[in-house]
Amino acid sequence: MRFELVQRFSAPPDEVARAFTDPALYDALAELPKLGAPEMLDRSTAGGIIRLRVRYRFTGDLSSAVKAVIDPAKLTWVDVSEHDLARRTVTFTMVPDHYADRFRAGGAYRFEVAPAGANGTIRTTTGEIKVKALVVAGTVERAIVSGLREHQGAEVAIVDRWLSG
């Protein structure tokens, strides 16, 4: 399932892009819905690229049909991302802790100046999630994208507040 998510932040693009490389921001994101508190596993820098490894857990609701084939407690993954601050771009891969043979996801996002007449930053995330599960694959994919959409929607206020001090 391909997806695109768009957010608008109040701060300028360079500030927002930098914020997403700061481990302290991920502590502030712990209150967000459908994805458990992010766990920063690693942060490294090489050649101007900042690489993060952050563990997430899907905590949203799943139908009984989905729960019959997938254990919700095992819907955890590590988000491996590479942040190019000079270009204000990020690539990411979601590496599952479980069900590696049934789940793959990844994509990219970019931070851009908001359109003329507006202040702040537009972050556009594009990606693809693929779940292999008889009968319920599409339902699981939609649930995960729904969780990501809700997560990113609620994330804006927290990031804006965090950037304003």
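**Strand pairing and helix packing in a predicted seven-stranded model**

In strand E4, the residue that serves as bridge partner of Arg 51 is Glu 82. This pair belongs to a predicted model, in which E3 and strand E4 (residues 76–84) are joined in the antiparallel sense over nine bridges. On the other flank of the description stands the pairing of strand E2 (residues 39–46) with strand E3 (residues 49–57), which is likewise antiparallel and runs over seven bridges. Within this second pairing, Asp 42 is placed opposite Arg 53 of E3, and Glu 39 has Arg 55 of E3 as its bridge partner. The hairpin formed by E2 and E3 has two residues between the strands, and Gly 47 adopts a positive phi near 60 degrees there.

The side chains of E3 alternate along the strand, with Ile 50, Leu 52, Val 54 and Tyr 56 directed to one face, where they are buried, whereas Ile 49, Arg 51, Arg 53, Arg 55 and Arg 57 point to the other face and are not buried. The arginines named above as bridge partners, Arg 51, Arg 53 and Arg 55, thus lie on the face of E3 whose listed side chains are not buried.

At the level of the whole chain, the secondary structure amounts to four helices and seven strands, and these elements follow one another along the sequence in the pattern β-α-α-β-β-α-β-β-β-β-α. The seven strands form an open sheet with antiparallel pairing, in the order E1-E7-E6-E5-E4-E3-E2. Because E1 and E2 are the edge strands, each with a single partner strand, one side of each is left without a neighbour in the sheet. From one strand to the next, the twist averages 15 degrees.

The overall dimensions were examined next. For 165 residues, a compact globule would be expected to have a radius of gyration near 15 Å, and the value of 16 Å computed for the protein chain agrees with this. The C-alpha trace spans about 45 × 35 × 25 Å along its principal axes. Of the 165 residues, 44% count as buried, and the accessible surface comes to about 8,400 Å², of which 50% belongs to carbon and sulfur atoms. Among contacts with a separation of 6 or more, 56% are accounted for by residues 24 or more positions apart.

Helix H4 lies across E1, E3, strand E6 (103–113) and strand E7 (121–131), and runs at about 10 degrees to E1. Two residues illustrate the packing in this region, one in the helix and one in the strand. Val 145 is located in helix H4 (residues 137–163) and, with a relative accessible area of 3%, is buried, because this value falls under 20%. Apart from neighbours within four places in sequence, Val 145 is in contact with Met 1, Phe 3 and Ile 129. Of these, Met 1 is separated from Val 145 by 144 residues in sequence, while the C-alpha to C-alpha distance between the two is 8.7 Å.

Gln 7, for its part, is found in strand E1 (residues 2–9) and counts as buried at 4% relative accessibility. Its polar side chain contacts are made with two residues: the side chain of Gln 7 reaches the backbone oxygen of Gln 152 at 2.9 Å, and it makes a polar contact with the side chain of Glu 155, also given as 2.9 Å. When residues up to four places away in sequence are set aside, Gln 7 touches Thr 121, Ile 122, Arg 123, Gln 152, Glu 155 and Val 156.

Backbone geometry was also considered in the loops. Most residues other than glycine have a negative phi. Against this background, Arg 88, which is not a glycine, has a positive phi of about 55 degrees. Arg 88 is placed in the loop between E4 and strand E5 (89–96) and is partly exposed, its relative accessible area being 23%. Tyr 99, also a residue other than glycine, has a positive phi near 60 degrees. The position of Tyr 99 is in the loop between E5 and E6, where this residue is buried, with a relative accessible area of 16%.

Conventions:
Residues numbered from 1 in each chain as written. Predicted model: local features only at pLDDT ≥ 70, side-chain atom pairs only at ≥ 80, totals over all residues. Heavy atoms only, no water. Buried < 20%, exposed > 50% of the residue type's maximum accessible area, 1.4 Å probe, protein only. Contact = heavy atoms within 4.5 Å. Polar contact = N/O pair within 3.5 Å; in protein donor to acceptor, adjacent residues only side chain to side chain. Pairing = 2+ DSSP bridges. Rg over C-alpha atoms; globule rule 2.2 N^0.38 Å. Areas by Shrake-Rupley, 256 points an atom, 1.4 Å probe, with all protein chains shown as cover. Axes fitted to C-alpha atoms, helices over the stretch in contact; angles between N-to-C directions.
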